[in-house]
Amino acid sequence: HRHEARQLVDRQVASIGAKQDLVAEILKVDGVKEIVSELTIGRAENDRALAERVADQVRRSTYFTVFDDVGIGVDGGVVTLTGWVTQPIKAEDLARRASHAEGVQDFVNKLEVLPTSIGDDRLRDVIANAIYRDMAFSNYATQAVPPIHIIVRNSSVLLTGVVNSEVERRQAENIVRGISGILGVQNILR
């Protein structure tokens, strides 16, 4: 007959990430085998406010660059991250930040890590230099995370993000199409 150590936790926490952290900490305590969790998560004012909070967390990540693209979906307090990042550590950092935003009830990570490729890395640098050194976009280059994101996978390019006009949207695509070694360009700049 072995003794089951049970820990009853009853209080409110800020996010699903905070809840998971607390449960993990309690499970490290000697003798604790099971947790009966009655933790509740404080709710955000609404999904839009929560999306803004998560977006702010994403922007604060030192790992987030123009070579990554993150979409944030929020439905009833459940946050879903979608998009592409160039390294696993980026996906981990962004997931940690998003799941810890105040009011996140649950979290789904659909971020995809792009395959490692020296050729793709070279193209990323060439494309970024070509776009951000162009007169039309040089004013964007000074921003912490410039608004045009360049996703490269197996020499194919996806342009995403936001520009000021249809002229800029076309200009960015034309710059990329003029670079050799690219297999295809998809432009979903808004």
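A residue is called buried when its relative accessible area is under 20%, exposed when it is over 50%, and partly exposed in between. Asn154 has a relative accessibility of 48%, so Asn154 counts as partly exposed. The structure in which this residue is found is a predicted model, and the paragraphs below lead from this residue to its surroundings.

Asn154 belongs to the loop between β8 and β9. These two strands form a hairpin with two residues between them. The backbone of this turn deserves attention. Most residues other than glycine have a negative phi. Asn154, however, has a positive phi of about 50° although it is not a glycine. Ser155 lies in the loop between β8 and β9 as well, and its phi, near 70°, is likewise a positive value in a residue other than glycine.

From the turn, the reader may follow the strands themselves. Strand β8 covers residues 148–153 and is mostly covered, with five of its six residues buried. Strands of a sheet pair through backbone hydrogen bonds, either parallel or antiparallel. β8 and β9 pair in the antiparallel sense, over six bridges, and in this arrangement Ile151 stands opposite Leu158 of β9. On β9 there is a further pairing: four bridges join β9 to β10, and these two strands run parallel. Here Val157 stands opposite Val185 in β10.

Together these strands make an open sheet of three strands in the order β8-β9-β10, with mixed pairing. β8 and β10 (184–187) are its edge strands, each of which pairs on one side only. From one strand to the next, the twist averages 20°. Two helices accompany this sheet. Helix α4, residues 118–132, packs on the sheet and touches β8 and β9, and its direction makes about 155° with that of β8. Helix α5, residues 166–177, lies across β8, β9 and β10 and runs at about 170° to β10.

Within helix α4 is Arg124. Is this residue buried or exposed? Its relative accessible area is 4%, and because this value is under 20%, Arg124 is buried. Leaving aside residues up to four places away in sequence, Arg124 touches Phe67, Thr86, Leu114 and Val152.

A second sheet may now be considered. Three strands form an open sheet in the order β5-β6-β7, and the pairing is again mixed. The edge strands are β5 and β7 (106–113), each pairing on one side only. The twist in this sheet averages 10° from one strand to the next. β5 and strand β6, residues 78–85, pair in the antiparallel sense over seven bridges. One residue of this pairing is Val70, whose bridge partner in β6 is Gly83.

Helices also meet this sheet. Helix α3 (residues 88–99) packs on the sheet and touches β5, β6 and β7, with a direction that makes about 160° with that of β7. α2 lies across β5 and β6 and runs at about 155° to β5.

The loop between α2 and β5 contains Thr62. With a relative accessible area of 72%, which is over 50%, Thr62 is therefore exposed. Thr62 and Val145 are 83 residues apart in sequence, and their C-alpha atoms are 9.8 Å apart in space.

The description ends with empty space in the model. Rolling a probe the size of a water molecule over the atoms shows where such space is left. The largest pocket holds about 340 Å³ of space. Which residues lie closest to its centre? Of the 16 residues that line this pocket, they are Phe64, Asp69, Val70, His149 and Arg190. The elements that give two or more residues to the lining are α2 (47–60), β5 (69–75) and β9 (156–161). By character, the lining residues divide into nine nonpolar, four polar and three charged. Val70 has thus appeared in two settings: it has Gly83 as its bridge partner in β6, and it is listed among the residues closest to the centre of the largest pocket.

Conventions:
Residues are numbered from 1 along each chain as its sequence is written. This is a predicted model: local features need pLDDT of at least 70, side-chain atom pairs count only at pLDDT 80 or more; totals for chains, interfaces and linings use all residues. Side-chain values use heavy atoms; hydrogens and water are left out. On a 1 Å grid over the protein atoms alone, a cavity is a set of points where a 1.4 Å probe fits but cannot get out, and a pocket is an open set with protein on both sides within 12 Å along at least five of seven lines; lining residues have an atom within 4 Å of a point. Grid points are joined across faces, edges and corners, and a volume is the space filled by probe spheres set on the points. Ala, Val, Leu, Ile, Met, Phe, Trp, Tyr, Cys and Pro count as nonpolar, Asp, Glu, Lys and Arg as charged, and the others, Gly among them, as polar. Two strands pair if DSSP finds at least two bridges between them. Axes are lines fitted to C-alpha atoms, for helices over the stretch in contact, and angles run from 0 to 180 degrees between N-to-C directions. Contact means heavy atoms within 4.5 Å. Buried means under 20% relative accessible area, exposed over 50%, partly exposed in between (1.4 Å probe, protein chains only).
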